[in-house]
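Please work through the exercises below with the model open beside the text, trying each task before reading its solution.

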Amino acid sequence: MRVEWGKLVAHTLLGMYPSDTTYVFLAGKNYCDPVITELRKCGHKGHISTPMKGLGIGQQLARLSEWAGFGFGRHTLSDGNPDEIQEPEAVTNRVHTSVA
């Protein structure tokens, strides 16, 4: 199933971007490997970065939180109620995404 999904993702990317595009995959090995395998098989010549590879899900979430600017463990509970998680102010001002 993941191999077929990886092929679909890789061919979609190859159809949208030049063959020397740099890709950064923010996912674990099970999701990155099928896509990367197919990209390389189809002659992708650009750089591929997998900064989450080898990390457990907790480590991945901590790293993403850190990169997003609110750091791991800075969320707090209001009055001990887990349904009322307080996020740091202006998180939306610190998280930016772009597609090259």
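The exercises that follow treat one helix, its charged pairs, an aromatic group and three residues in loops and a strand.

The model is predicted, so that local features need pLDDT of at least 70 and side-chain atom pairs count only at pLDDT 80 or more, while totals for chains, interfaces and linings use all residues. Residues are numbered from 1 along each chain as its sequence is written, and side-chain values use heavy atoms, with hydrogens and water left out.

**Exercise 1. Helix H2**

Task: Compare the span of helix H2 with the expected span, and state which of its residues are buried and what covers them.

Solution: Helices are DSSP runs of H or I with at least four residues and strands are runs of E with at least two, both numbered from the N terminus. Helix H2 covers residues 29-41, which is 13 residues, and its first and last C-alpha atoms are 17 Å apart, close to the 18 Å expected at 1.5 Å a residue; the expected span is 1.5 Å times one less than the number of residues.

The next step is burial, where buried means under 20% relative accessible area, exposed means over 50%, and partly exposed lies in between, with a 1.4 Å probe and protein chains only. By this criterion Cys32, Asp33, Pro34, Val35, Ile36, Glu38 and Leu39 are the buried residues of H2. Their cover includes helix H1 (2-16), strand S1 (23-24) and strand S2 (48-49). After H2 comes glycine 43, which has a positive phi, near 90°.

**Exercise 2. Salt bridges of H2**

Task: Which residues are linked with Asp33 in a network of salt bridges?

Solution: Side chains of opposite charge can pair when their charged atoms come close. A salt bridge is counted here when a side-chain nitrogen of Lys or Arg is within 4 Å of a carboxyl oxygen of Asp or Glu, and a search of the whole structure finds four of them.

Begin with aspartate 33 and lysine 29, whose closest N and O atoms are 2.6 Å apart. These two residues are four apart in helix H2, and are therefore separated by about one helical turn. Lysine 29 is partly exposed, at a relative accessible area of 46%.

Aspartate 33 also meets lysine 53 in a salt bridge, at 3.0 Å from N to O. Because lysine 53 lies in the loop between S2 and helix H3 (57-68) whereas aspartate 33 lies in helix H2, the pair ties together parts that are 20 residues apart in sequence. Lysine 53 is partly exposed, with 41% relative accessible area. Lys29, Asp33 and Lys53 are thus joined in a network of salt bridges.

A further salt bridge in H2 is that of glutamate 38 with lysine 41, at 3.7 Å from N to O; the two are three residues apart, about one turn of the helix. Glutamate 38 counts as buried at 7% relative accessibility, whereas lysine 41 counts as exposed at 61%.

**Exercise 3. Aromatic rings**

Task: What is the geometry of the pair formed by tyrosine 17 and tyrosine 23?

Solution: Rings of Phe, Tyr and Trp (its six-membered ring) pair if their centres lie within 6.5 Å, and planes under 30 degrees apart count as stacked, over 60 as edge-to-face and the rest as tilted. The structure holds three such pairs. Tyrosine 17 and tyrosine 23 are edge-to-face, with 6.4 Å from centre to centre and 75° between the planes. Tyrosine 17 is partly exposed at 21% relative accessibility, while tyrosine 23 is buried at 8%. Together with Phe25, Tyr17 and Tyr23 form one aromatic cluster.

**Exercise 4. Histidine 44, threonine 21 and isoleucine 48**

Task: Which backbone oxygens does the side chain of histidine 44 reach, and which residues does isoleucine 48 touch?

Solution: Histidine 44 is in the loop between H2 and S2 and is buried, at 10% relative accessibility. Its side chain reaches the backbone oxygen of threonine 21 at 3.1 Å, and a polar atom of that side chain lies 3.3 Å from the backbone oxygen of glycine 46.

Threonine 21, in the loop between H1 and S1, has a side-chain polar atom 2.7 Å from the backbone oxygen of proline 18.

Isoleucine 48 lies in strand S2 and is buried at 12% relative accessible area. Taking contact as heavy atoms within 4.5 Å, and not counting residues up to four places away in sequence, isoleucine 48 touches Tyr23, Phe25, Ile36, Leu39 and Arg40.

Terms used:
A polar contact is a pair of N or O atoms within 3.5 Å; within protein, one must be able to donate a hydrogen and the other to accept it, and residues adjacent in sequence count only if both atoms are side-chain atoms.
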